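Trainee: Could we go through this structure together? I would like to learn how the descriptions follow from the definitions.

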Amino acid sequence: MENKLRNVKGFTLLEVILVLFLCSLLISSYISISSHTLTYWQEHIEQVRIHENLQYSLHYIEKSIRQLNQQNMEYFPSIKQIKGENSLGETSYLDFSGQKIDNLNTYVYFHEGYKQLRVNRNRENNVLATNINQVEVKEIIPGKLIEITLSSLNNHGKIYTLRSQIRILPRR
C-alpha cells in the first residue's frame with residue numbers, strides 16, 4: 001500500500017504554486033506593456049488630431065486671404081485685422097484680435113474666450129476650429145508679407161504651433 005501511494009503521478013503543491021506565480025508574472029507584464037502602449041497611442045492620436053486641426057485652420061486662413069482682391073487688401077497690425085474686398089466688391093475681414101466680431105463678411109476671426117476660430121459670413125458665427133489657444137500675426141515685410149502662427153495645447157499642457165508666411169500683396 002505504501003508503494004502504491006509513492007507511485008501516484010501528479011503535481012505537488014509546490015509545482016502548482018510555482019506555475020501560478022509564473023503565469024501571474026507573465027500576465028502582469030503583458031498588462032503593463034499593453035497599458036504603456038495604449039497610453040503612447042492615445043498621446044500620438046491626440047498629437048495628430050491637434051496637428052490636423054492647426055493645419056486645416058491655417059489652410060482655411062490662407063484660402064480666405066487668396067479670395068480677397070489683392071489690390072485693395074490692407075493689414076492693420078494694431079488690431080490684428082486684414083481688410084479687403086471679396087469678388088462681389090463687398091468689404092471683408094480676417095480678424096485675429098481675439099474678440100467676437102459681428103462684421104458682415106468676416107471670413108475668419110479668432111474668439112479667444114472660447115479658443116475657437118470662427119467664420120462670420122452673414123453674422124452666423126460658425127465654428128471653424130476648436131482648441132486654438134493663440135493666434136499671432138507678425139509683419140515680416142510691412143504691408144506685404146505676414147506670418148501667422150496658430151498654437152494649441154494638448155491635455156498634458158504641451159504646446160503645438162504651426163506657422164505660415166502669407167503674401168498680402170500680389171507679386172509684380
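Mentor: Happily! In this predicted model, local features need pLDDT of at least 70, side-chain atom pairs count only at pLDDT 80 or more, and totals for chains, interfaces and linings use all residues. Residues are numbered from 1 along each chain as its sequence is written, and side-chain values use heavy atoms, leaving out hydrogens and water. Three strands make an open antiparallel sheet, ordered β7-β8-β9.

Trainee: How do you know that β7 pairs with β8?

Mentor: Strands are DSSP runs of E with at least two residues, and helices are runs of H or I with at least four, numbered from the N terminus. Two strands pair if DSSP finds at least two bridges between them. Seven bridges join β7 to β8 (residues 145-153), so they pair. For example, isoleucine 141 has leucine 145 in β8 as its bridge partner.

Trainee: What makes β7 and β9 edge strands?

Mentor: β7 (134-141) and β9 (159-167) each pair on one side only.

Trainee: Which residues does phenylalanine 96 touch?

Mentor: Contact means heavy atoms within 4.5 Å. Leaving aside residues up to four places away in sequence, the contacts of phenylalanine 96 include Ile61, Val108 and Ile148.

Trainee: What makes a group of residues a nonpolar core?

Mentor: Its members are buried (under 20% relative accessible area; exposed is over 50%, partly exposed in between, 1.4 Å probe, protein chains only). They are Ala, Val, Leu, Ile, Met, Phe, Trp, Tyr or Cys, joined through side-chain atoms within 4.5 Å. In the largest core, of 29 residues, Ile61, Phe96, Leu117 and Ile148 touch the most other members. Helix α2 gives the largest share, six residues.
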